[in-house]
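Let's take a relaxed walk through this one, starting with how helices pack and moving on to charged pairs.

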Amino acid sequence: MIKQKLIKIRTQLFLLIFITGLLCFLLYNSMWRQRWPLYGLLKDSISQFHILPSPADDFWVQFRREALKYNIPESEDDIENIKAMEPLFEIADEYTGINIYGLEDGLYRTGIIPSFYTDTHAASVFSKLYYWTDWQGESLYDIPIEFKNGYAQVMVQFLHPTFFMAPYFFFCFGFCVILFISILLFFVNKKMNSIILLKQNIFQLAGGDLSAPMPRLWQDEIGILAHELDNMRVALKETIAHEQESRKANQDLISALSHDLRTPLTILNGYLEIVKLNQSPEMQTEYLNRCLNKTEEIREMTNRIFEYALVYEEAETPDLQPLPVYSLCRHLIENTDFLQLMGFSVTLNLPDNMTAPQAHLNSDSLNNTVITDSTSFLGDETLLKRIFNNLFSNVIKYGEKKEPVIIAGSAENNQLFITLSNVVRQESDRIQSTQIGLKSVRKMLELMNGKLDVETNNGKFIVRLQLPVCRQ
C-alpha cells in the first residue's frame, strides 16, 4: 500500500455538498436581502415603461382630499355610511386594499380587499407566490386620516411589489439551486472523466504499450487505483526487460563459459604438446605442474558454473581480500611465458620490486604511490585468473606474432595500472567477435572496484586495467 493520504470519494462528496450548500444558502440570503433596494432601483429605472404595476403618484393626495367628503361609520353595522363611502374606495386600483379603523377604539369600520383577489385563478396563484415570498410582496401603511366627522386610522395595503418579489424570489432560489447542482455535476463529471481516462490507459496497457504512464489523479480510490496500476505497469515493464536481459545474459553466459573454458584448455594443450615433443627436458616438471594448475582451474570453473552467471547480476559480491602485488605479477608472468612458447615476442615492463614475493603497494600521498612492502590492493584471486586468461586468450586469437606484445605496470594516485598492447592480425579483422571476453573482463573488474579501458588505433589494440590500492 502506498504511503499517502487518502480522501475517500464519499468524504469528498459529503464535504462538497455541505460546503456548497452552505455557500449557496448564504448567497441566497445575501441576494434576498437586497430585494427592496433592488426593487426601488428597478421601479425608478423602468417606471416609464409600465412594466411593474405601481400605485398612482397622487394616491395619498386624492385620498386625503376625498376623505373629507365622507363620514366615518359608527360601526360595521352602519350600512348607510359604509355604502356612502364606496366612491372613496374607487381611488384604489386592483392591487390596493384599504381598511378603516376607529382612531380611539381601534375597531374595524369598513374597507376593501384588492380586487385582484376576486379572480379565482389569479388569487390561487397569487396566494402561493405570496406565501413563498414569506409575505414580503406587500407594502403596508397605517396612518390617521381626517374625515368629515373626525379622524380614523387607515391601513393601506399595496401589493404591487409582489410582481417583482415573486419572480425575484424564484430567480434567487433557482440560481442558487442551479449553482449547487452545477457544482455537484462538475464534481461527478470530473470523476467520470478520471475513470474514462483510466479506462483508456488500461486498454493501452492491455494492448502491450508499457511506455505510457498512468495519469496522476486525486488521492482518492480512483487515484490510488491509477497509482497501483502504474506501479504494476512499471513492474511488468521491468520484469519483461529483466527477462530479455536474462535471456541475453544466458546467451552471453554460454559464450563466456565456452570462452573461459577454451582458454585454459588451449594453454593445457600447449603445455602437453611441449612435454610430448620433449623440447625442454629440464622444464618438464615445471610444465607438468602448470598442466595440473590448469586442470585445477578447469575443475573450479565447472564446479562454479552457476557463479559465472552472477557476473551478469548486479547483486554479485566478490570475495575481495588484500592481495600482494606479487600475486598479480605471477599471473602476468605465467601468461607471458605461455605467449612466448606460442611464438609471441613479449616485452614486460614491470618495476623490479613489483615482481618480488615481498612486493606490496604503499600509498605515501594522494598523488604518489610507491611500490614497497607496506600495503596491498583489493582483489579476488579467482576473478584475477579469469581476467588474465581472457586477455591473453584474445592476444593468442587475434594478435600478430611478428609484433611485440608490450606489458607494463605502474602505480599512481592510489591506483594500480596494468597496460597490455599488441598489434591485431589482418586476418583477424574478418573474424567476427562477440566481445564476450572483454565484457567479462570489464564486469569482473567492476566487481573489484576496478576499471577497463580499451583503445584501438591503427591496428594496435591496447587494454588498460585499473585496480584500487588498499590503503592502511
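In which kind of crossing, left-handed or right-handed, does α1 pass α7? The crossing of α1 past α7 is right-handed. Keep in mind that we're looking at a predicted model here.

**Helix packing**

Two packed helices are described by the angle between their axes and the distance between those axes. For helix α1 (residues 9-33) and α7, the angle is about 160° and the axes lie 10 Å apart. Angles over 145 degrees count as roughly antiparallel, so that's how α1 and α7 run relative to each other. As for what sits in this contact, the residues break down into 22 nonpolar, three polar and one charged.

Now for α7 by itself. With 45 residues at 1.5 Å a residue, α7 should span 66 Å, and its end C-alpha atoms turn out to be 64 Å apart, which agrees. Just past the end of α7 comes Gly208, with a positive phi of about 105°.

**Salt bridges**

The structure has seven salt bridges. Here are some of them:

| Pair | Closest N to O distance |
|---|---|
| Glu66 and Lys69 | 3.3 Å |
| Lys191 and Asp220 | 2.3 Å |
| Arg290 and Glu286 | 3.1 Å |

Let's go through these pairs in turn. Glu66 and Lys69 meet through their side chains, and Lys69 is exposed, its relative accessible area being 52%.

Next up, Lys191 and Asp220 join in a salt bridge at 2.3 Å, N to O. Lys191 belongs to helix α7 (residues 162-206), while Asp220 sits in the loop between α7 and α8 (221-277), so this pair ties together parts that are 29 residues apart in sequence. Buried or exposed, what are Lys191 and Asp220? Lys191 is buried, and Asp220 is buried too.

That leaves Arg290 and Glu286, whose closest N and O atoms are 3.1 Å apart. Both belong to helix α9 (residues 284-303), and because they are four residues apart there, about one helical turn separates them. How do the two partners sit with respect to the surface? Arg290 is buried, with a relative accessible area of 11%, whereas Glu286 is partly exposed at 33%. This pair also has company: salt bridges with shared partners link Glu286, Arg290 and Asp337 into one network.

Conventions
Residues are numbered from 1 along each chain as its sequence is written. This is a predicted model: local features need pLDDT of at least 70, side-chain atom pairs count only at pLDDT 80 or more; totals for chains, interfaces and linings use all residues. Side-chain values use heavy atoms; hydrogens and water are left out. A salt bridge is a side-chain nitrogen of Lys or Arg within 4 Å of a carboxyl oxygen of Asp or Glu. Buried means under 20% relative accessible area, exposed over 50%, partly exposed in between (1.4 Å probe, protein chains only). Helices (H or I, at least four residues) and strands (E, at least two) are DSSP runs, numbered from the N terminus. The expected span of a helix is 1.5 Å times one less than its number of residues. Axes are lines fitted to C-alpha atoms, for helices over the stretch in contact, and angles run from 0 to 180 degrees between N-to-C directions. Angles under 35 degrees count as roughly parallel, over 145 as roughly antiparallel, 65 to 115 as roughly perpendicular and the rest as oblique. A crossing is left-handed if the near helix is turned anticlockwise from the far one by less than a right angle, and right-handed if clockwise. Ala, Val, Leu, Ile, Met, Phe, Trp, Tyr, Cys and Pro count as nonpolar, Asp, Glu, Lys and Arg as charged, and the others, Gly among them, as polar.
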